[in-house]
Every structure is written in C-alpha cells, then in structure tokens.
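The following exercises are to be worked with the sequence and the model at hand. Each task is followed by a solution in steps.

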Amino acid sequence: MRRRLGTLALYGPLTVLAAIFLVPFYLIVRTAVMTIPQSTSLTWQWFPTSVTLGNFATLFSDPSAPMASGLVNSALISTFTLVFSILFSSMAGYALARIPVRGRNLVLYAVIATLMIPGAVTFVPTYIVVGSLGGVNTLWGIIVPGLFNAFSTFLFRQFYLRFPVEIEEAGKIDGLGYFRVYWHLLLPNSKGIMVALGLLAFMESWNSFLWPLVIGQNPSDYTVQLVISTFLTEQGINLPELFAGACIAVLPVVVVFLIMQRYIVQGVTMTGIRG
Amino acid sequence: MVVGQLTASATRLIGVRRRRRLSSAVAFWTFMAPLALGLLVFKYIAILWGLLLSFSNARGTVALGNWVGLENYQTLLESPAFRAALVTIGLFTLFIVPTTFAISLGLALLVNRVPRGGAFFRTVFFVPGAVSYVTASLVWKTAIFNGLPSGLANALIGNFGAEPVFWIGTARPPWFWLVLVTVRLWLQAGFYMIIFLAGLKEIPRELYEAAHVDGARTGLATFRHITFPLLRNTSVAVLLLLLIAAFQAFDEFYNILGGGAQAQSGNNILARPPLVYLYAVAQGQQNYGLGSAGAFVLALLIILVTLVQGRAFGFGRSAD
C-alpha cells in the first residue's frame, strides 16, 4: 500500500509535467493546420473543427516570406558549421594532445583564454572584423566566425590525451607520420565524440538568431529563424502559415534529436564539466 | 678515421633529431593553423579592435583614429537606457536562475527515481532543447500569452472566472516577466536536468544505504545530507552556465517584446536587456564606439559575476 502510494506520488507529478512540456509542440502543429478564420477566432480551441494542410503550400508560394531559401540557407550554414568546426577542433585537439613541440602549453592557454569572453557579447567586435573583410550580407559572413570552437578543441584534446599511446606507436613503427596517424587511426576512433559535439554544433547553428540577424540583412541571406522572426514582427500576420513554417523549422532538428539522443546527452554532459 | 666516423654519425644523429623536431613543429602548426588563425582573427584581433574602437568616436565607421578617451564609457554609464537595461537583466537573472535551477534539479531527482519509463520522461523534458528561441517565442507570444480570450493562458484562467489578461501589453502589472521566464524555462530546464542526472549517477549507492542505517529515513533527510552536498560541483557548474546564459539574453526579448525597429524610434518597449540595447546602438545608430564600450562593460560584468559566484560557492573546491 505504502509502496503503491510512493509510486503514485512519483508518476503523478511526472505525467502532469510531461504533458505540460509537450503542450507547446502540440500548439505548433495545431495552429499549423488551422484555417485563417479559425486562427483569428476569439475563443480558445484545443482541437480545430476542420483541419487543412493548405498552409504548408501557401507558405512556399508566399513572396513576402522567403521560407524555401531560408531552409536552404539554414541547412547549408549548419552543415558547413558541423563539418568544419568539428574538423578544426579535432585537428587542433590532436596537435595539442599528441605533437610535442616547444611552447605547446602556451598555445593551449591562448586557446582556453578565449573562453573567458562570453560569446554573444563579442558580436560587436566580430561584426567590425567581418564587416571590414567584406562579409556583411554574405553567407560566409554568417558561417565563418562560428567555425572556431575553443571549448570543443579542449574536449578533443582531453579525449586524445586518454587515447592509448600504443596504437599511435604501432602506427609510427609502420612508418606513418602525424598526418596518417591522425587520419587513419585517431579519426576513425573518435566517432562518438565527433557525433556528440557535431550534433550540438549543428543544432546551435540551426537555431542561432543574433549573429545571422546582425550580419545578414538581405532577405535572400535569411536563415529560417530570421524568416520566422520577421514574419512574427510584421503587422497582420498569417498565423497558420507562420506556424506551418515553424513546424518545418522544428521538425528536422527534433527528429535528429530523438534519433541521436544518446550522443546529445553525452555532449551536454561534457559541457557540464565546463563549470 | 674512427673518430671521423663517430663525428659523422653523431652529426647525422643530431641532424635526424633536428629534422624530427622540425617536422613535429610543421605538423603541429599545420594541425593548429585553421583554429589558431580563426581565433586570432575573430577573437584576438576582433576584441583588440573593439577595445580600441571603444576609445574612439566611431559613428558609421569602424576606422580608428578619432580618439575620445573614456567618453563612450561615460556616455554609456550616464545613459538612462543602458542603466535600465542593466536593471532589466539583473531582474531577469534573479527570476530565471533560481527557478531553472530548482526545476531542473527537481526533474532530475524525479526522473532518476522512477523504476520504469525514466528514459521516456527524460526525453520529453529534454526535447524542447532542440527548439529555437525564435520558434518558442512565436508559440508563447501568439498561442499561449496572446492577450486575447483565444490564448491558452487566458483560457485557463477563464475557467476560474478571471478576465483575460494582456500579458505582454502593460508594464503594470508586469505580467510580461511570466512570459519571458516560462519560455526560457521550457527551453532550458531539460538541458540542465541532463547535467544534474549525470551528477546524480556519480553518487555511490552505498552512501544511501549507509545513511539509511544511520537513521536517515525520509527522502528529505537523504537529500539534505547526501544528494545535495555531493552534487556541489554539478550545482556550481549549472549556476555558472545559467548566469552566463541569462546575462546574454537576446532572442526572446527581441522576438516577444520587440526591440529592433522600435528600439530606435521610441522608448515604448517594456524591457530591454543589454544585448538588445547594444544591437540598437551598433546596428541601428551604427555607433560602433559606443557599441564596443557596451560590449566590454557587459563582458566585464559577466566575468565579475562569475568570479563572485565562484568565490561564494567555493569554485574548484572538492565536494567533501
């Protein structure tokens, strides 16, 4: 009896909380399939009386909302960020962990020191530099400053430090230089950490808002987040269409998230060590 | 002859060693080059340039040379808008940090205790972390807190006979804080729950058994004497991450309360955090000197707060 009460006291609040956490997802889908008159009705409705998928079609034919190009831009930017930020971090992490040279610790400190400055605060100085390199209103201006991740580099360094020396030694005896050791031995063995940090980089890039807002003022360079945001701040918005856009923006990330959750949890746990 | 041979092989050996050291250096810098160059240009040079600009009069230009000393900093600290932004972010931090901390810890404790379905609940609480602030702001602003009877919040309070509330329309009462705090809570709680769960997994089971033997019977007693003290390092990390994130709030303020175009034209915005202020100064007025000064004041403030927090909670001290 007592045990049953205990279980109830545990599952009861958990179920209620879980339902609350899922409501916003439901609202995104609900509003995306509403008709315009329904969405502007003055009464609250859990369930729309008639359901339409037309909003998804009008979304892509609406000239005022560059949704299609927004999705393409976001996909390009996030994929680029994923591939290159992980490549650069793992390369630097390998050098810092495994290639003995004079002054290596100094380089490590110089990398770690950049973590002291909070990221979003530097948008003004970064804008100045990217602007003078001609990166305003370009896709590369959005992408490039985000490719250099000191924290991932640090995590890769820690990972490669723990990597068994014997494998590397064996490779060296077989005549492999640093480049082949890295490419043939270390990279294939660091898939887990790469996927974990890569997914976090992808999601962060897909969802980021401030930097693309600052640097890309052309609607043709808008990311999907910017398209939604401009749409949202407009007068007389078409709500169901906007929510259809949100649906499409959220879906790929949520699906990847659900499939790869194990890696993401791993990545977040590594982030927690930062404190 | 023999001596000659010896020196020859010695020089060859030194040569090999020197070549190896050289090839190590080449390899090191080849591997480091992309990251090192990127950090040099987009962190070190950017920050130095920004620092110099903050001592310059730079309107509509990023060229250095028109030195004005500390004038930008003086203008900034005397500006009522910037002071209001600091008050806003202080209040926001005060609301969001303890609530997120408590709720994510609570979720972690619950999820950690369920015998079955823990993975399901963990996923449900964590999955909002995949949603952007922009999308969440959209849902909060137009579907939950839209100020009409058709919004979820008003429908709920309407069940108890309450009149619809203009959640993000008025400064008094400041209901907009509820909107801003809940949206960030929904997005972030699962993320910190994951960090707490990792911390909870590290606590040895035997400790709970020992505590049980020592007479700690209630959940509260074990939480106070074992769980919470042993989560110390995790808690410090979570607090630190929460503080840093709160100080850099931008997306939800910008998308829910506005701040782009409106920020430049008038002061009819309910609350504006420092980053929205800086965005208006740097993007809207193109005053890069003042914008840079603001960036450095804010960065300094964040570093200061984290140091104070670290000291207060014994950062780096072990958990015993």
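## Exercise 1. Burial of a helix in chain B

Task: State which residues of helix 10 of chain B are buried, and decide what this says about the surroundings of the helix.

Solution. The buried residues of helix 10 of chain B are Asn233(B), Thr234(B), Ser235(B), Val236(B), Ala237(B), Val238(B), Leu239(B), Leu241(B), Leu242(B), Ile244(B), Ala246(B) and Phe247(B). The coordinates come from a predicted model. The cut-off needed here is 20 or more other C-beta atoms within 10 Å. Since 12 of the 16 residues of helix 10 of chain B are buried, the helix is largely enclosed by the rest of the structure.

Next comes the length. Helix 10 of chain B covers residues 232-247. At 1.5 Å a residue its 16 residues should span 22 Å, and the end C-alpha atoms lie 23 Å apart, which agrees.

## Exercise 2. The setting of Gly158(B)

Task: Determine whether Gly158(B) is buried, partly exposed or exposed, and find which residues it touches.

Solution. Gly158(B) belongs to helix 6 of chain B, residues 152-158. It has 16 C-beta neighbours inside 10 Å and therefore counts as partly exposed. When residues up to four places away in sequence are left out, Gly158(B) touches Pro149(B) and Pro164(B). Between the C-alpha atoms of Gly158(B) and Asp251(B), which are 93 residues apart along the chain, the separation is 30 Å.

For the chain as a whole, 14 helices and zero strands are found in chain B. Of its 320 residues, 41% count as buried. Among the contacts in chain B with a separation of 6 or more, 63% join residues 24 or more positions apart.

## Exercise 3. The overall form of chain A

Task: Set the radius of gyration of chain A beside the value for a compact globule of 275 residues.

Solution. A compact globule of 275 residues would have a radius of gyration near 19 Å, whereas chain A has 24 Å. The C-alpha trace of chain A spans about 75 × 70 × 35 Å along its principal axes. Chain A contains 15 helices and zero strands, and buried residues make up 45% of its 275 residues. Of the contacts in chain A with a separation of 6 or more, 76% are between residues 24 or more positions apart.

One pair illustrates a long separation in sequence. Ala68(A) and Gly245(A) are 177 residues apart in sequence, yet their C-alpha atoms are 9.6 Å apart in space. Ala68(A) lies in helix 4 of chain A, residues 67-98. With 15 other C-beta atoms within 10 Å, Ala68(A) is partly exposed.

## Exercise 4. Two helices that cross

Task: Classify the crossing of helix 3 and helix 14 of chain A, and name the residues that meet.

Solution. The axes of helix 3 (residues 54-61) and helix 14 (residues 239-259) of chain A come within 8 Å and cross at roughly 85 degrees. Angles of 65 to 115 degrees count as roughly perpendicular, and the two helices are therefore roughly perpendicular to each other. Helix 3 of chain A brings Asn55(A), Phe56(A), Thr58(A) and Leu59(A), which meet Pro240(A), Glu241(A), Ala244(A) and Gly245(A) of helix 14 of chain A. By class, this contact has four nonpolar, three polar and one charged residues.

## Exercise 5. The interface of the chains

Task: Describe the side of chain A that touches chain B by its main contributor and by residue class.

Solution. In all, 73 residues of chain A are in contact with 74 residues of chain B. Helix 1 of chain A (residues 2-32) gives the most to the side of chain A that touches chain B, with 11 residues. That side has 54 nonpolar, 18 polar and one charged residues.

Definitions and conventions:
Residues are numbered from 1 along each chain as its sequence is written. Chains are lettered from A and ligands numbered from 1 in the order in which they are written. This is a predicted model: local features need pLDDT of at least 70, side-chain atom pairs count only at pLDDT 80 or more; totals for chains, interfaces and linings use all residues. Helices (H or I, at least four residues) and strands (E, at least two) are DSSP runs, numbered from the N terminus. The radius of gyration is taken over C-alpha atoms; the globule rule is 2.2 Å times the number of residues to the power 0.38. Two residues are in contact if their C-beta atoms, placed from the backbone, lie within 7 Å. Ala, Val, Leu, Ile, Met, Phe, Trp, Tyr, Cys and Pro count as nonpolar, Asp, Glu, Lys and Arg as charged, and the others, Gly among them, as polar. Axes are lines fitted to C-alpha atoms, for helices over the stretch in contact, and angles run from 0 to 180 degrees between N-to-C directions. Angles under 35 degrees count as roughly parallel, over 145 as roughly antiparallel, 65 to 115 as roughly perpendicular and the rest as oblique. The expected span of a helix is 1.5 Å times one less than its number of residues.
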